[in-house]
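Visitor: I would like to learn how to read the features of a model like this one. Where do we start?

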Amino acid sequence: MYDPTGIKLVNSEIGYGLYATEDIPVGAVILRDVARPVDAEGAANAFEGFSKIFQYVFLGLHKEVNCWLVLGTSSLLNNSDTPNVELLWSTREDGLTFLNILATSAISEGDEITHTYGGGGNEVAHDDVRLL
C-alpha cells in the first residue's frame with residue numbers, strides 16, 4: 001500500500017508524530033490500519049517496559065468499546081486544535097476493524113498530520129473507503 005507519511009520526532013515533550021512526505025489533497029484517505037479492541041488497563045500493563053512508540057492506544061467509544069489498539073503508524077497522530085485529518089472506522093464482513101485517516105484539508109509536504117483527541121471518529125462502510 002502507498003503511504004505518503006513519515007515519522008519524525010516532534011520534540012522531547014511530545015515525542016514522535018506523523019508528517020506528510022509529499023502534498024496530500026483534501027479528501028484523500030492516507031492510512032488504513034488494523035484496530036483491535038483491548039481492555040484499557042490491560043493495554044497499559046501489556047506495554048510496560050516497551051518503547052514509548054508502542055504505548056499508543058485510541059481511547060473513545062466505537063462499537064461500544066472504549067479502547068482500541070491500532071496496529072500501524074496512525075497511532076502516532078498527535079492532538080491539535082486545528083486538525084487536518086478525521087478518523088473513519090470501518091469493519092469488513094469478517095469483522096476485522098480498521099482505522100482510516102482522511103485528510104480534511106490539504107496537507108503540504110513536511111506538515112505534521114494531526115487529529116483531535118476529543119473526537120472518536122465516524123463509522124463508514126468499509127467498501128466506501130478508497131485509499132490514496
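Guide: We go from the overall fold to single residues, then to charges. Keep in mind that this is a predicted model.

Visitor: How many helices and strands are there in the protein?

Guide: Start with the inventory. The protein has one helix and 10 strands. Then read the order along the sequence. The pattern is β-β-β-α-β-β-β-β-β-β-β.

Visitor: What share of the residues counts as buried?

Guide: Of the 132 residues, 37% count as buried. The cut-off is under 20% relative accessible area for buried and over 50% for exposed, with partly exposed in between.

Visitor: Apply that to one residue. Is Ser 75 buried or exposed?

Guide: Ser 75 is buried, because its relative accessible area is 9%. Next, place the residue. Ser 75 sits in the loop between strand E5 (65–71) and strand E6 (78–79).

Visitor: Which backbone atom does the side chain of Ser 75 reach?

Guide: Look for a polar partner. The Ser 75 side chain reaches the backbone oxygen of Gly 72, at 2.8 Å.

Visitor: Now a strand residue. Where does Pro 37 lie, and how accessible is Pro 37?

Guide: Pro 37 belongs to strand E3. Its relative accessibility is 46%, so Pro 37 counts as partly exposed.

Visitor: What separates the C-alpha atoms of Pro 37 and Trp 68?

Guide: Compare separation along the chain with distance in space. Pro 37 and Trp 68 are 31 residues apart along the chain, and their C-alpha atoms are separated by 4.5 Å.

Visitor: On to charges. How many salt bridges does the count come to?

Guide: The general idea comes first. Side chains of opposite charge can pair when their charged atoms come close. Here the count comes to one salt bridge. The side chains of Asp 94 and Arg 92 form a salt bridge, with 2.6 Å from N to O.

Visitor: Are Asp 94 and Arg 92 exposed or partly exposed?

Guide: Take each in turn. Asp 94 counts as exposed because its relative accessibility is 55%. Arg 92 has 33%, so Arg 92 counts as partly exposed.

Visitor: Which residues form the negative surface patch?

Guide: The negative surface patch is formed by Glu 22, Asp 23, Glu 109 and Asp 111. Patch residues need over 30% relative accessible area and no salt bridge.

Visitor: Take Glu 22. Where is the place of Glu 22, and what is its relative accessible area?

Guide: Glu 22 is in the loop between strand E2 (15–20) and strand E3 (29–37). Its relative accessible area is 32%, so Glu 22 is partly exposed.

Note on methods: Residues are numbered from 1 along each chain as its sequence is written. This is a predicted model: local features need pLDDT of at least 70, side-chain atom pairs count only at pLDDT 80 or more; totals for chains, interfaces and linings use all residues. Side-chain values use heavy atoms; hydrogens and water are left out. Patches are made of residues with over 30% relative accessible area and no salt bridge: like charges are joined within 9 Å, nonpolar side chains (Val, Leu, Ile, Met, Phe, Trp, Tyr) within 5 Å. Accessible areas come from the Shrake-Rupley method with a 1.4 Å probe; for residues, only the protein chains shown count as cover. A salt bridge is a side-chain nitrogen of Lys or Arg within 4 Å of a carboxyl oxygen of Asp or Glu. Lys and Arg count as positive and Asp and Glu as negative; His and the chain ends are not counted. The place of a charge is taken as NZ of Lys, CZ of Arg, CG of Asp or CD of Glu. Helices (H or I, at least four residues) and strands (E, at least two) are DSSP runs, numbered from the N terminus. Buried means under 20% relative accessible area, exposed over 50%, partly exposed in between (1.4 Å probe, protein chains only). A polar contact is a pair of N or O atoms within 3.5 Å; within protein, one must be able to donate a hydrogen and the other to accept it, and residues adjacent in sequence count only if both atoms are side-chain atoms.
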